Number of protein chains: 2
Amino acid sequence: MNSSGSTKERILGAAEVLFAQRGFDGASLRQLTTAAGVNLAAVNYHFGSKDKLVEQVFRRRLDALNASRLTALAKVAGAPDTTLEDVLGAYIRPALDLSHDGSGSLFMRVLARAFAEHDDNLRQFLSANYGHVMRQFTAEFARLLPQLSKPELYWRIDLVTGALTHAMSGFGMIQRKSDVSEHAHREQTAQHLIRFAAAGLSHP
Amino acid sequence: MNSSGSTKERILGAAEVLFAQRGFDGASLRQLTTAAGVNLAAVNYHFGSKDKLVEQVFRRRLDALNASRLTALAKVAGAPDTTLEDVLGAYIRPALDLSHDGSGSLFMRVLARAFAEHDDNLRQFLSANYGHVMRQFTAEFARLLPQLSKPELYWRIDLVTGALTHAMSGFGMIQRKSDVSEHAHREQTAQHLIRFAAAGLSHP
DNA sequence: CGTATCCTCAAACGATCGTTTGAACCGGCG
DNA sequence: CGCCGGTTCAAACGATCGTTTGAGGATACG
């Protein structure tokens, strides 16, 4: 099927697709290697085990997503005229960009699946690779919403996270009308999410 | 382990726990029947197959949840002085009550898992048993938010659903302080969710 | 007592899983 | 050429999965 790129990259690509479709346990190495057009043993040869492969699938996208989010946050954080929408945009737009280009859209679904599964190993891994990003965003939210107590703020951030994860994992559903450009559609989606999140965060 | 109730009920109880913890595929019939204290073959004898068992696990809680939500909705729907908070309360409070009593809390996690898995069979089943409830609530939301276009309303309801599903699946985290009663804590949680959802639905 | 019905049990079935193995292939270098 | 490190290959490994089987226990009724 897939016949471009190195063996490792073909495995990573096929894994992302199948993990999103059938879950980490549901996608077998035999389905995966067949889809990638490589031998069954290639996964253990190049990655060591299936669990290590799962980690690499996350790492490949998460590193880029984290860097992109932090760069966008750095541009707006700390300034006196920063708005809630600015910070939310720094969080949401990089994920939308990832969802936009090709197979990246499936990764958000993989991420949503990982959230729903309360697997401890995976949560530890996500916390180690995701935690510092969330902490920086939380600090900026706290600065912009000084009227909220800490428990209250955490509550709202948790709810916003749930809404965004849910929305971004279902991006197949939100069809773009043919008379709007790809870029305009993405901006429209971003506005939806940002305004919703801002309203949920800042209501009295 | 579990030794109360009939064999069928013991299986259903253990299944709910293990499905929430390890997912539908992750929980094996051998773990399940061992936890329930019944023989391995009892699942296929009483339910026919593992898939049928999954259906029954959903049916047992979903029927009660749906009925409770529709009853609560009927009390407020259509009236001229109904508020958005009233309708949201009719949706949220029955789920909180379910989360409150014993093993029911795990069911919301099972539900969240089913949402994240994009399995077609399960989605069809949920749509058949859940669809009419969502449709009634959507109609009432449309009545109370006439300024929103249909696509806009669906967008916001989808985001609210994501936030609530996410929140209710993680109810282990929200610890009650010892100086507030169980009932007061639940009411506090309901207020959080309702206000957040109302803000997200009705923002300009 | 015999027997019929419902249920439980240990054991086995075939299928599929992740992983390992050892031989075969292949480009580059002495 | 011969050899060698990196890679791919078919085949097999043991484990675990959902499901089926047939014998046996329990209870109620004639």
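Let's start where the two protein chains meet: 32 residues from chain A and 32 residues from chain B make up the contact. Keep in mind as you look around that this is a predicted model.

How much area is buried between chain A and chain B? The figure is about 2800 Å², and carbon and sulfur atoms give 72% of it. If you go hunting for salt bridges between chain A and chain B, the count is 0. Polar contacts do turn up, though: 4 residue pairs across the interface, with both partners at pLDDT 80 or more.

Now, which elements of chain A build the side that touches chain B? Those giving two or more residues are α1 (7-26), α6 (104-116), α8 (150-169) and α9 (182-202). Of these, α8(A) gives the most, with 11 residues. Sort the residues on this side of chain A by character and you get 14 nonpolar, 9 polar and 9 charged.

Next, turn to the DNA, beginning with strand C. Here 15 residues surround the strand, and the closest come from both chains: Leu29(A), Arg30(A) and Lys50(A), plus Thr7(B) and His46(B). Look at the atoms of DNA strand C that come within 4 Å of the protein, and you'll find that sugar and phosphate account for 49% of them. Two elements, α2 (29-36) of chain A and α3 (42-47) of chain B, each supply at least two residues of the surface near this strand. That surface divides into 6 nonpolar, 6 polar and 3 charged residues.

Zoom in on the phosphates of strand C. A polar backbone atom of Leu29(A) sits 2.9 Å from a phosphate oxygen. Next door in the sequence numbering, Ser28(A) has a side-chain N or O atom 3.3 Å from a phosphate oxygen. Chain B joins in through Tyr45(B), with an N or O atom of its side chain 3.3 Å from a phosphate oxygen of strand C.

What about DNA strand D? It is surrounded by 15 residues, and the closest are Thr7(A), His46(A), Leu29(B), Arg30(B) and Lys50(B). This time α3 (42-47) comes from chain A and α2 (29-36) from chain B, each supplying at least two residues of the surface near the strand. Of the strand D atoms within 4 Å of the protein, 48% belong to sugar or phosphate, and the rest belong to bases.

The phosphates of strand D have partners too. A polar side-chain atom of His46(A) lies 2.7 Å from a phosphate oxygen, while Asn39(A) brings a polar backbone atom to 3.2 Å from one. From chain B, a polar side-chain atom of Ser28(B) lies 3.3 Å from a phosphate oxygen of this strand.

Technical notes:
Residues are numbered from 1 along each chain as its sequence is written. Chains are lettered from A and ligands numbered from 1 in the order in which they are written. This is a predicted model: local features need pLDDT of at least 70, side-chain atom pairs count only at pLDDT 80 or more; totals for chains, interfaces and linings use all residues. Side-chain values use heavy atoms; hydrogens and water are left out. Contact means heavy atoms within 4.5 Å. Buried area is the accessible area (1.4 Å probe) that two parts lose on being put together, summed over both. A salt bridge is a side-chain nitrogen of Lys or Arg within 4 Å of a carboxyl oxygen of Asp or Glu. A polar contact is a pair of N or O atoms within 3.5 Å; within protein, one must be able to donate a hydrogen and the other to accept it, and residues adjacent in sequence count only if both atoms are side-chain atoms. Helices (H or I, at least four residues) and strands (E, at least two) are DSSP runs, numbered from the N terminus. Ala, Val, Leu, Ile, Met, Phe, Trp, Tyr, Cys and Pro count as nonpolar, Asp, Glu, Lys and Arg as charged, and the others, Gly among them, as polar. A residue is near a molecule or strand if one of its heavy atoms lies within 4 Å of it.
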